[in-house]
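Here is a short briefing to read alongside the model. Have the structure open and follow the points as they come.

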Amino acid sequence: MMTSRIRLGVSPLSWTNDVLPDLGDNIALETCLTQAAFAGYQGTELGRKFPRTHAELAPLLHKAGLQLASGWHSGFLAERSVADEIVAVESHAGLLRASGADVMVYGECGCMPGSHPLDEPLSLSPPLNCLNADEYARKVSVFADILMDRFGLKLAYHHHLMMLVEQHHELEEFLTKTSDRVGLVLDSGHAFAAGVDLAQITEKFGHRIVHIHLKDVRADVLHRVRENDLSFNDAVRAGLFTVPGEGCIDYSPLTDFIARSDYQGWLIVEAEQDPRKEEPSAAVSRAFRWVKSTFSPSLSAEETAQ
């Protein structure tokens, strides 16, 4: 088992939200990168303030001593052809590959309700059966093949609140219908909030997991979100998510999976929360210490030495 290649990174969401400009708009990218490195992280994912050319991005990452772990692509394979999706992803995939990443996070934004879907009530989340799931799975599988063959990137499909693959039965059906070239981002926060059974998914589909997002859920906020049928954005503003180890999630299925598997990827700390309420540097530093102590047998020698 080659667990020494597991690396620990952090998402810029802890500083600046990707879709809510009021959360962290005043925090400079350099502040995010400097604080991430100071906390001990080896890498980061892309965020909305990151430059989108390798020539601009590489010096910033080099100065901070960080690697690029991955970056989110808003895909629409539920609505458009594979050929059109390849055109849409080309520059993003090229940037990821040039910057040393080997995984691309894919979020399905097709079939979502309204013109601002993340502001719609969570009850309006599109079910997987709103389309032909077999045809959709075929398209995602073909897209994953092309992404690997053309760019050398593994597709990491993100199950996500308010998106096509959200609940446990949807995730299981999707993974069953798609080819093994379609990898999975296992996101602890989205899984818990949507009722995904982490133990079952890691047991049955552990070989498909190519990227891991670690974030926690505040139980009282989740209850309020469900009771009032809030939107995803309102849930984030209300503090649904917090850093791993400080919410209600039982992480033992993930720690067991890491311990018994040959997982080779990143563990990415995330927390889409208001930086005015939770100072990012302190939050990600606490998260780093928690992940280090919880997953320490599996982290790289470089990581555990910090």
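In this predicted model, helix H7, spanning residues 198-205, lies across two strands, E7 (182-187) and E8 (209-214). The helix runs at about 155° to E7. Strand E7 makes a good starting point for a look around.

**Strand E7 and its surroundings**
- E7 is mostly covered, with 6 of its 6 residues buried.
- Val182, Leu184 and Leu186 point one way from the strand, while Gly183, Val185 and Asp187 point the other way.
- In a regular strand, side chains alternate between the two faces of the sheet.

**Partners of E7**
- On E6 (residues 154-158), E7 has a parallel partner, paired over 4 bridges.
- Within that pairing, histidine 158 is found opposite valine 185 of E7.
- Helix H5 (residues 168-177) joins E6 and E7 in a right-handed β-α-β unit.
- E8 also runs parallel to E7, and 4 bridges join the two.
- Here aspartate 187 sits opposite histidine 213 in E8, and Asp187 is one of the buried residues of E7.

**The whole sheet**
- The open sheet is formed by 9 strands with parallel pairing, in the order E3-E2-E1-E11-E8-E7-E6-E5-E4.
- Its edge strands, E3 (67-70) and E4 (72-75), each pair on one side only.
- Neighbouring strands are turned by 35° against each other on average, direction ignored.

**The E1 and E11 pair**
- Strands E1 (residues 7-10) and E11 (residues 266-269) run parallel and are joined by 4 bridges.
- Leucine 8 faces a leucine across this pairing, standing opposite leucine 267 in E11.

Note on methods: Residues are numbered from 1 along each chain as its sequence is written. This is a predicted model: local features need pLDDT of at least 70, side-chain atom pairs count only at pLDDT 80 or more; totals for chains, interfaces and linings use all residues. Side-chain values use heavy atoms; hydrogens and water are left out. Two strands pair if DSSP finds at least two bridges between them. Axes are lines fitted to C-alpha atoms, for helices over the stretch in contact, and angles run from 0 to 180 degrees between N-to-C directions. Contact means heavy atoms within 4.5 Å. Buried means under 20% relative accessible area, exposed over 50%, partly exposed in between (1.4 Å probe, protein chains only). A crossover is right-handed if, with the strands pointing away from the viewer, the path from the first strand over the helix to the second runs clockwise.
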